[in-house]
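Trainee: Please take a close look at one part of this model for me, and then set it beside its surroundings.

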Amino acid sequence: MAESTSTSDYTIPKICPAIFLTGSSNVNRLVVQERTVPDLPTDKIMVEIKACGLNFKEMMERMGIPGTASNKSKPPYVMGFEGSGIIVQIGSEVKSEHIKIGNRVCVVGSEVWSKYTILDPKFCFPIPDNMTFEEAAAFPVVYLTAYMMLFQQANLQPGMSVLIHMVAGGVGTAAVQLCRSVSDVTIFGTCSAAKHERMKEMGVDHLIDYRTQDYAQEIKRISPRGVDIILEPLGGPDFKKSYDLLDQLGHIISFGFANAVTGDKMSYFTMAKNWLQWKNVNSMAMMQENRTVSGYHLLYVSLSRMDKVMCALKQLNLLYKDGKIKPLIDSVHGFSQIGTAVARMNSRQNIGKIVIVPEETTTGGNDEGTSDVSKWKNPEEDTPTKSRI
Ligand SMILES: NC(=O)c1ccc[n+]([C@@H]2O[C@H](COP(=O)([O-])OP(=O)(O)OC[C@H]3O[C@@H](n4cnc5c(N)ncnc54)[C@H](OP(=O)(O)O)[C@@H]3O)[C@@H](O)[C@H]2O)c1
């Protein structure tokens, strides 16, 4: 048993389990290892992590796709961008009303996939009493992203129409719930056919299987004028294809480059091909077409416009309390099943958010030393710690 130091009622161990990114480029691996719990700087807090969110970003980061690393240093480093837990230690310089030992929080930062982690108090947010840690881990990134795009950028109003690409994923399902909180919004969504029934139940009006149908033709057929708002996370040729679906005075928001991912390894060819097909629109054309283009990235917003983030969080908490939004959790996996969790997203099976939780046992789990998804355990055969809710 490792030696411990005590703070308040909490005993903080000297070592704890964490998920490390090891290797470099497209041979990266995710491995559960013990780490030394770092000393607390005076301006930071320590959180005991209870659950973590898996984001598309981490899948790209694991492949070594440029611009996705959450850590300035080279691997090995601890992964993870969001989670939830309990504040167990507070640096002497931290003065904030909502930062108290024992408070339940959701967090955004780096090195979150660790049973104990050090965080900036600015990015730790109190959660409602009835929100579970798993829900809280599935909350900040996708709901802030969806909320800020729909309400702060695109000014979603009753009666509008919205196209949500990747509608069955984390951001997609959050966006559907937020659209449903406004009256008379028509939702178009693209995702794999196997997810259509569940998405229909959630309130998507028109579902398109982008693998077998041309979504642009289908949307034009249903709504010849096009749509008012488009959330565009694909990039490459899909940006212009989506832009051309905007109605007059419509607004498209570019917020991802999912087309950079094909298979389980980074492909410079795929990235270059999509990059070259990513047509920009010029402002003269936008003026004459009465259309708006904007971009969104939470990582940068959160640093520079915390007022907007806090305003969004306040509204999101109210919507949660009113029962209008609730994170849709696809599955919950222990740290040692990280390979299964990533393979599930990579093979496009998740509906909603994948959550991972630290386990009592500390080591042993990894992505089985292979970047070949077919060699990972089939997620359908896997028994997650909890099944879909
Ligand atoms: N800018 C920001 O601040 C920000 C923040 C969060 C997320 N994002 C972006 O938003 C998008 C969604 O992120 P998320 O974390 O919520 O993930 P997610 O939607 O849960 O991602 C997984 C799903 O995406 C779909 N998909 C589409 N293309 C894919 C591909 N090339 N490889 C694997 N799956 C693909 C698959 O479902 P179907 O095939 O059924 O559609 C898959 O199940 C990503 O592009 C992400 O980078 C941006």
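**The sheet and the helix pair**

Mentor: Strand E3 (residues 15-22) and strand E4 run antiparallel and are joined by 8 bridges. One facing pair places isoleucine 15 of E3 across from threonine 36 in E4. Bear in mind that this is a predicted model. The pairing belongs to an open sheet of 3 strands, ordered E4-E3-E6, and the pairing is antiparallel. E4 (29-36) and E6 (77-78) are at the edges with a single partner strand each, so each has one side without a neighbour in the sheet.

Now the helices. H3 (residues 140-153) packs with H4 (residues 170-180) at an angle of about 50°, and the axes are 8 Å apart. That angle makes H3 oblique to H4. The crossing in which H3 passes H4 is right-handed. On the H3 side, the contact uses Val142, Tyr143, Thr145, Ala146, Tyr147 and Leu150. These meet Gly170, Val171, Ala174, Ala175, Leu178 and Cys179 in H4. By class, the residues of this contact are 10 nonpolar and 2 polar, with no charged ones.

The ligand brings both helices in again. There are 27 residues around the ligand, and those that come nearest are Gly169, Gly170, Ser192, Gly256 and Leu298. Helices H1 (56-63), H3, H4 and H12 (338-346) are the elements that give two or more residues to this shell. Gly170 thus has two entries here: it is in the H4 side of the helix contact and among the residues nearest the ligand. The shell divides into 14 nonpolar, 10 polar and 3 charged residues.

Notes: Residues are numbered from 1 along each chain as its sequence is written. This is a predicted model: local features need pLDDT of at least 70, side-chain atom pairs count only at pLDDT 80 or more; totals for chains, interfaces and linings use all residues. Axes are lines fitted to C-alpha atoms, for helices over the stretch in contact, and angles run from 0 to 180 degrees between N-to-C directions. Helices (H or I, at least four residues) and strands (E, at least two) are DSSP runs, numbered from the N terminus. Angles under 35 degrees count as roughly parallel, over 145 as roughly antiparallel, 65 to 115 as roughly perpendicular and the rest as oblique. A crossing is left-handed if the near helix is turned anticlockwise from the far one by less than a right angle, and right-handed if clockwise. Two residues are in contact if their C-beta atoms, placed from the backbone, lie within 7 Å. Ala, Val, Leu, Ile, Met, Phe, Trp, Tyr, Cys and Pro count as nonpolar, Asp, Glu, Lys and Arg as charged, and the others, Gly among them, as polar. Two strands pair if DSSP finds at least two bridges between them. A residue is near a molecule or strand if its C-beta atom, placed from the backbone, lies within 6 Å of it.
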